[in-house]
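Here is a quick tour of one protein chain, written for someone who likes to poke at the coordinates. Have a look at the structure below, then read on.

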Amino acid sequence: MGFLKNIFGSSEPKEEKVLPWQALTDVSQLSEIEERSKTKTQIIFKHSTRCGISSMVMNQFVSAYDLDTDLDLYYLDLLSYRDVSNEVGYKFQVIHQSPQLLIIKNGVTVAHASHGAINEIDLMTFV
């Protein structure tokens, strides 16, 4: 029976990993993120809920994320909050991409990536 489980997987539901996301829904939150970044690294994940690539990258990010990492995580549904997404680009000086990850420290973007490059960033170097 173990052989068949290895091939077809278990019928038991897999426990879903949940990250401590904070919803980024208002432009006013960007000033808070900037201020908090002076004492703790802030991460913004811009996600397009209608894009298969964005969903794949998000799933990979969640799977690889170490829950013990001391970062603040913000999730931005850029289709629902396009004005916030646009302001993220202006405020933190990045050209819009989707999906996109921004790492904010001391009020500025210290790293950013989009698409598959998101999962190549070692977040621990920014803690």
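## Pro99 and a cis bond

Pro99 sits in the loop between α4 (82–92) and β4. The peptide bond leading into it, from Ser98 to Pro99, is cis, and its omega is near -5°. That is worth a click in the viewer, since most residues other than glycine have a negative phi, and most peptide bonds are trans. Keep in mind that this is a predicted model, so the cis bond is a feature of the prediction.

## Two residues with positive phi

Two non-glycine residues also have a positive phi. Asn106 has a phi of about 50°, and its place is the loop between β4 and β5. How exposed is Asn106? With a relative accessible area of 53%, Asn106 counts as exposed, because the cut-off for that word is over 50%.

His115 is the other case, with a positive phi of about 55°. You'll find His115 in the segment after β5. His115 is partly exposed, at a relative accessible area of 30%.

## The chain as a whole

Stepping back, the chain has 4 helices and 5 strands. Read from the N terminus, the elements go α-β-α-β-α-β-α-β-β. Of the 127 residues in the chain, 38% are buried.

As for contacts, take the pairs at least 6 apart in sequence: 66% of those contacts join residues at least 24 apart. The accessible surface of the chain is about 7,700 Å², and 51% of that surface belongs to carbon and sulfur atoms.

## The nonpolar cores

In soluble globular proteins, nonpolar side chains tend to be buried together. Here, the largest nonpolar core has 17 residues, and the ones with the most contacts inside it are Ile43, Phe45, Phe61, Tyr65, Leu101, Ile118 and Leu123. At least two residues of this core come from each of β2 (42–47), α3, β4 (100–105) and β5 (108–114). The largest share, 4 residues, is supplied by α3. Apart from this core there is another one, of 12 residues, with Leu30, Ile33, Tyr74 and Val84 among them.

Which residues does Phe61 touch, beyond those up to four places away in sequence? The list is Leu19, Trp21, Phe45, Leu73, Leu101, Ile118, Asn119 and Leu123. Phe45, Leu101, Ile118 and Leu123 also appear among the residues with the most contacts inside the largest core.

## Two buried leucines in loops

Leu19 lies in the loop between α1 (2–8) and β1 (21–23). Its relative accessible area is 6%, so Leu19 is buried, the cut-off being under 20%. Sequence neighbours within four places aside, Leu19 is in contact with Phe61, Val62, Tyr65, Leu67 and Leu73. Leu67 is 48 residues from Leu19 in sequence, yet their C-alpha atoms are 7.0 Å apart.

Leu71 belongs to the loop between α3 and β3 (72–77). Leu71 is buried, with a relative accessible area of 6%. Outside its neighbours within four places in sequence, Leu71 is in contact with Lys40, Thr41, Ile43, Tyr65, Leu123 and Val127. Leu71 and Leu123 are 52 residues apart in sequence, and the C-alpha to C-alpha distance is 8.8 Å.

## Pockets

If you're thinking about pockets, what volume does the largest one have? The space in it is about 200 Å³. Its lining has 10 residues, and Glu16, Lys17, Asn59, Val62 and Ser63 lie nearest the centre. By class, the lining splits into 5 nonpolar, 2 polar and 3 charged residues. Helix α3 (residues 52–64) gives the largest share of the lining, 4 residues.

The second largest pocket holds about 160 Å³ of space. Phe61, Ala64, Tyr65, Asp66, Thr69, Ile118, Asn119, Ile121, Asp122, Leu123 and Met124 form its lining. By class that lining comes to 7 nonpolar, 2 polar and 2 charged residues. Phe61, one of the lining residues here, is in contact with Ile118, Asn119 and Leu123, among others.

Methods
Residues are numbered from 1 along each chain as its sequence is written. This is a predicted model: local features need pLDDT of at least 70, side-chain atom pairs count only at pLDDT 80 or more; totals for chains, interfaces and linings use all residues. Side-chain values use heavy atoms; hydrogens and water are left out. On a 1 Å grid over the protein atoms alone, a cavity is a set of points where a 1.4 Å probe fits but cannot get out, and a pocket is an open set with protein on both sides within 12 Å along at least five of seven lines; lining residues have an atom within 4 Å of a point. Grid points are joined across faces, edges and corners, and a volume is the space filled by probe spheres set on the points. Ala, Val, Leu, Ile, Met, Phe, Trp, Tyr, Cys and Pro count as nonpolar, Asp, Glu, Lys and Arg as charged, and the others, Gly among them, as polar. Buried means under 20% relative accessible area, exposed over 50%, partly exposed in between (1.4 Å probe, protein chains only). Contact means heavy atoms within 4.5 Å. Accessible areas come from the Shrake-Rupley method with a 1.4 Å probe; for residues, only the protein chains shown count as cover. A nonpolar core is a set of buried Ala, Val, Leu, Ile, Met, Phe, Trp, Tyr and Cys residues joined through side-chain atoms within 4.5 Å.
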